[in-house]
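Here's a quick tour of the empty spaces, the ligand surroundings and the ring pairs in this one. Have the structure open as you read.

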Amino acid sequence: MATTNTLANAPLVDGHGRTIRYLRVSVTDRCDLRCRYCMAEHMTFLPRSKLATLDELAIITERFIARGVRKVRLSGGEPLVRRDVIDLVHRLGRHVGGALDELTMTTNATRLDTHAAGLAIAGIRRINISLDTRDPDRFRFITRTGDLRRVMAGIAAARAAGLAVKINMVALKDFNEDEIAPMLAWCIAEGHDLTLIETMPLGDVGEDRTDRFLPLTGVQAQLNAHFRLERDLVSTGGPARYWRVDDSTTRIGFISPLTANFCDGCNRVRLTTEGKLYTCLGQDDSHDLKAALRDGDIPALDAAIADALATKPRRHDFRIGAGAAPATTRHMSVTGG
Ligand code: SAM
Ligand code: SF4
């Protein structure tokens with residue numbers, strides 16, 4: 001006798017009454033860069049045998065879309081290093097304008113010059129590009145290996161393909177503090193948005209993050225002296241708080257998990273390349289959706305999602321300070337920043 005999947009149409013609501021509308025998918029934990037705040041120099045990546053296939057990631061993501069998720073962001077690691085990721089973008093892109101409001105990607109842009117046009121055709125309209133500095137030497141230092149010219153070529157290709165660009169800049173004390181105002185001026189001139197991010201204590205990176213932690217409260221006060229910032233209450237569904245800058249089209253966002261907690265409005269969960277669901281970036285508990293899918297197909301997947309949502313933590317517990325251990329053993333690259 002066929003069993004009824006009673007969860008099939010249940011809304012995605014967690015144990016604290018928050019509705020889940022946003023899924024981040026880390027399509028690979030691998031990366032061609034080694035940003036100092038993100039990864040250790042010598043990282044051990046998942047063996048390929050542990051990865052969910054792109055088809056499994058698509059099935060799980062489409063299940064979330066069918067049950068109410070309106071926005072999907074592909075991230076990593078570096079999403080563009082996963083072979084055939086464009087097939088996944090095409091498959092998910094078919095839902096844009098229907099069940100899905102937006103499909104986006106966060107990338108370091110090292111390979112974007114060859115992929116930008118394809119991503120635009122597949123349904124991506126906006127892309128987040130990580131760029132902590134526009135100085136080539138500093139860029140090589142912070143990424144340990146990177147060539148800034150590749151990233152600038154990627155940004156140019158994105159714009160040529162018609163993609164809206166948002167620059168992600170991790171604000172780091174004694175590294176790029178002096179570049180924040182010039183970066184905003186450059187974004188205004190180029191028509192990009194800018195998001196500033198406080199460094200988060202995720203995974204062991206082989207150095208203490210305390211020395212580099214820069215609270216964004218002070219940064220915003222300094223920017224106010226140079227630019228006219230006007231609060232923009234339109235949300236993109238993420239944790240950033242946005243301001244419009246002068247009379248430009250540019251918006252600046254601040255992601256301040258350490259100095260301004262945003263967990264009460266959390267609407268997101270994260271799927272890893274292993275097919276595990278993390279319901280909080282800053283906590284270690286996960287649910288194995290790939291195993292559920294392999295064992296019991298969609299009903300088992302729905303049951304595993306229900307279990308995960310019921311136990312979604314109320315908030316992260318980030319702490320940065322001398323001697324404070326990382327909040328998770330997992331790096332940002334595993335759950336997709
Ligand atoms: N590789 C892609 C990139 O760099 O854009 C996507 C993955 S990366 C993990 C996503 C974002 O997380 C990037 O903007 C990166 O700067 C940010 N990030 C990584 N580790 C972080 C940390 N410990 N604290 C704050 N932001 C972090
Ligand atoms: Fe790679 Fe992105 Fe992490 Fe930098 S921030 S090491 S580009 S995953």
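## The enclosed space

The largest cavity has a volume of about 70 Å³. This is a predicted model, and a count of cavities of 30 Å³ or more comes to 1.

Who lines the largest cavity? The list runs Arg36, Tyr37, Leu172, Thr199, Val205, Glu207, Asp208, Arg209 and Arg212. Sorted by class, that lining has 5 charged residues, 3 nonpolar and 1 polar.

## An open pocket

Now for a space that is open. The second largest pocket holds about 230 Å³. Its lining takes in Val27, Thr28, Arg30, Arg48, Leu51 and Leu54, plus the run Val81, Arg82, Arg83 and Asp84.

How does the lining of the second largest pocket split by class? You get 4 nonpolar residues, 1 polar and 5 charged.

## Around ligand 1

Ligand 1 has 19 residues around it, and Tyr37, Gly77, Thr107, Ser130 and Met200 are the closest. Tyr37 also turns up in the lining of the largest cavity. Three strands each put at least two residues into the shell around ligand 1: β3 (102-107), β5 (164-171) and β6 (193-198). By class, that shell comes out as 10 polar, 6 nonpolar and 3 charged residues.

Which side chains make polar contacts here? Ser130 is one of them, with a side-chain N or O atom 2.5 Å from an oxygen atom of ligand 1. Asn168 has a polar side-chain atom 3.2 Å from an oxygen atom of ligand 1. Glu78 goes for a nitrogen atom of ligand 1 instead, with a polar side-chain atom 3.2 Å away. As for cover, ligand 1 taken alone exposes 540 Å², and the protein buries 96% of that.

## Around ligand 2

Which residues surround ligand 2? Three cysteines are in the set, Cys31, Cys35 and Cys38, along with Leu33, Arg34, Met39, Gly77 and Asn108. Gly77 is also among the closest residues to ligand 1. The shell around ligand 2 divides into 5 nonpolar residues, 2 polar and 1 charged.

## Ring pairs

The model has 2 aromatic pairs. One of them joins Phe141 and Phe175: the ring centres are 6.1 Å apart and the planes sit at 35 degrees, so the pair is tilted. Why tilted? Planes under 30 degrees apart count as stacked and those over 60 as edge-to-face, with the rest called tilted, so an angle of 35 degrees lands in that last group.

Phe141 and Phe175 link distant parts of the chain, 34 residues apart. Phe141 sits in helix α4 (residues 136-143), whereas Phe175 is in the loop between β5 and α6 (180-190).

Conventions:
Residues are numbered from 1 along each chain as its sequence is written. Chains are lettered from A and ligands numbered from 1 in the order in which they are written. This is a predicted model: local features need pLDDT of at least 70, side-chain atom pairs count only at pLDDT 80 or more; totals for chains, interfaces and linings use all residues. Side-chain values use heavy atoms; hydrogens and water are left out. A residue is near a molecule or strand if one of its heavy atoms lies within 4 Å of it. A polar contact is a pair of N or O atoms within 3.5 Å; within protein, one must be able to donate a hydrogen and the other to accept it, and residues adjacent in sequence count only if both atoms are side-chain atoms. Accessible areas come from the Shrake-Rupley method with a 1.4 Å probe; for residues, only the protein chains shown count as cover. Helices (H or I, at least four residues) and strands (E, at least two) are DSSP runs, numbered from the N terminus. Ala, Val, Leu, Ile, Met, Phe, Trp, Tyr, Cys and Pro count as nonpolar, Asp, Glu, Lys and Arg as charged, and the others, Gly among them, as polar. On a 1 Å grid over the protein atoms alone, a cavity is a set of points where a 1.4 Å probe fits but cannot get out, and a pocket is an open set with protein on both sides within 12 Å along at least five of seven lines; lining residues have an atom within 4 Å of a point. Grid points are joined across faces, edges and corners, and a volume is the space filled by probe spheres set on the points. Rings of Phe, Tyr and Trp (its six-membered ring) pair if their centres lie within 6.5 Å; planes under 30 degrees apart count as stacked, over 60 as edge-to-face and the rest as tilted.
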